[in-house]
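Biologist: I am new to this model. Please take me through it by question and answer.

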Amino acid sequence: MSTENLARLYYNKVKEKDLEGLLALFSETAVFTLPDGREVSGMDAIRSMYVNVFAHGGPQPQPVRFIGADHAVAVEVEVHLADGSVREMASFFRLDETGKFSSIGVYQRT
């Protein structure tokens, strides 16, 4: 699967709040960098993060543009939040040798 298609699948799983399907995209040692710079490392921590995010309504990401390579993709995203606000963000995905996410960094336009 191409990096762009994998990123599209990620956003679909987030929109559907499909926790198990979402986690299946990550390597066991993945690192997720939040917009505030905090890092969430490993499958258990990433699971806990998404459980918390989904418990608060979860975002509805709308990918706008993809720029990809063999093992990485950058995505411009409009994120619609449960409170009705919209945030402009960018996500950077890196894949490991098995084709799973080894890292995701999310940045928010201020």
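Biologist: Which residue follows H1, and near what value is its phi?
Modeller: This is a predicted model, where local features need pLDDT of at least 70, side-chain atom pairs count only at pLDDT 80 or more, and totals for chains, interfaces and linings use all residues. Residues are numbered from 1 along each chain as its sequence is written, and side-chain values use heavy atoms, without hydrogens and water. Helices (H or I, at least four residues) and strands (E, at least two) are DSSP runs numbered from the N terminus. After H1 comes Lys-17, with a positive phi near 55°.

Biologist: How wide an arc do the buried residues of H1 cover?
Modeller: Buried (under 20% relative accessible area, 1.4 Å probe, protein chains only) applies in H1 to Thr-3, Leu-6, Ala-7, Tyr-10, Tyr-11, Lys-13 and Val-14. They lie on the same side of H1, because the arc, taken from the directions from the helix axis to the C-beta atoms, is only 160°.

Biologist: How many residues has the largest nonpolar core?
Modeller: Such a core is a set of buried Ala, Val, Leu, Ile, Met, Phe, Trp, Tyr and Cys residues joined through side-chain atoms within 4.5 Å. Among those with the most contacts (heavy atoms within 4.5 Å) inside the largest one are Tyr-10 and Phe-93. Elements giving it two or more residues include H1, H3 (43-55) and E5 (86-95). Not counting residues up to four places away in sequence, Phe-93 touches Ala-7, Tyr-10 and Tyr-11, among others. The largest nonpolar core has 30 residues.

How values were computed:
Buried < 20%, exposed > 50% of the residue type's maximum accessible area, 1.4 Å probe, protein only.
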